[in-house]
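User: Hi! Could you walk me through the ligand site and the aromatic contacts in this model?

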Amino acid sequence: MNNIKTDNNFDVTKQIRFVSHEIRNHISVCDMYAQILKKHIDNDGYKNPSVENALECIQKSLQIISMNVADLKSININNQSVLDFKTCIEKAVELSKAYVEDKDIEFEIFIKNTSMIKIDENRLTSCIVNIIKNAIEAIEIKGKICVFGEIKDNYGVLKISNNGKQIPNDKQDKIFDYGYTSKQSGSGYGLHICKKYLNSQNADIELVKSNKAETLFKIMIPLA
Ligand SMILES: Nc1ncnc2c1ncn2[C@@H]1O[C@H](COP(=O)(O)OP(=O)(O)O)[C@@H](O)[C@H]1O
Ligand SMILES: [Mg+2]
């Protein structure tokens, strides 16, 4: 990584290294405690699917944060593996539900058929979470998010739609641009990063349509 110096000689690279180091340390702490909790639950025979699911989601999120921290150090290699399409999508959708908070959102998930896909699981999960988070944010109070998956023409095809507010026609070709956001506290990085990660793995994402009734995204993932 080239060192970037600002006018007042503040070493940004050093600061990034320092912050990544601190984040990494705390990720390990959280992961360790999640494992301890899991062990206690198993040993005590405490059966609660929602607690088990919450712990799994915490660990998955920690893996994604670790991957992002690794990206800061420019060691962002895709860690491709062969995964089951259906399982992978169901896990990612579950993780996204954390963003629903107090909205009244119905999820309809239908995975028609499955096969093995070849992709970095954490990167795919983080893309699906980004898309569903956007879908949740587009719904003001009450709405519906549909996730449809199928294997078609050598691809795992994933369609994610919501019935929230429309993306204005003149903005539809800007949503994948770096930094484009319509939200007050948005970053505008989510979709840009999704596209970049997917394209680097022979996968793709596109906006199929956005109108008053529905906004629909399609993701294509190559089969193994
Ligand atoms: N499902 C969606 N419904 C409506 N608008 C969306 C949807 N997904 C993305 N957008 C639009 O695309 C923009 C960019 O999304 P994103 O890159 O995730 O950045 P951010 O969420 O930080 O704004 C959003 O600000 C929003 O205007
Ligand atoms: Mg977003």
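Analyst: Happy to. For residue classes, Ala, Val, Leu, Ile, Met, Phe, Trp, Tyr, Cys and Pro count as nonpolar, Asp, Glu, Lys and Arg as charged, and the others, Gly among them, as polar. This is a predicted model, where local features need pLDDT of at least 70, side-chain atom pairs count only at pLDDT 80 or more, and totals for chains, interfaces and linings use all residues. Residues are numbered from 1 along each chain as written, chains are lettered from A and ligands numbered from 1 in written order, and side-chain values use heavy atoms, without hydrogens and water.

User: How many residues of each class are in the shell around ligand 1?

Analyst: A residue is near a molecule if one of its heavy atoms lies within 4 Å of it. Ligand 1 has 19 residues around it, with Asn134, Thr181, Ser182, Lys183 and Leu191 coming nearest. By class, the shell holds eight nonpolar, nine polar and two charged residues.

User: Which residue has a backbone N or O atom 2.8 Å from an oxygen atom of ligand 1?

Analyst: Polar contacts are pairs of N or O atoms within 3.5 Å. The side chain of threonine 181 places an N or O atom 2.6 Å from a ligand 1 oxygen, and a polar side-chain atom of lysine 183 lies 2.7 Å from one. The backbone atom at 2.8 Å belongs to leucine 191.

User: What is the angle between the planes of phenylalanine 176 and phenylalanine 217?

Analyst: Rings of Phe, Tyr and Trp (its six-membered ring) pair if their centres lie within 6.5 Å; planes under 30 degrees apart count as stacked, over 60 as edge-to-face and the rest as tilted. The count comes to three aromatic pairs. Phenylalanine 176 and phenylalanine 217 form an edge-to-face pair, 6.4 Å centre to centre, and the angle is 85 degrees.

Technical notes
A polar contact is a pair of N or O atoms within 3.5 Å; within protein, one must be able to donate a hydrogen and the other to accept it, and residues adjacent in sequence count only if both atoms are side-chain atoms.
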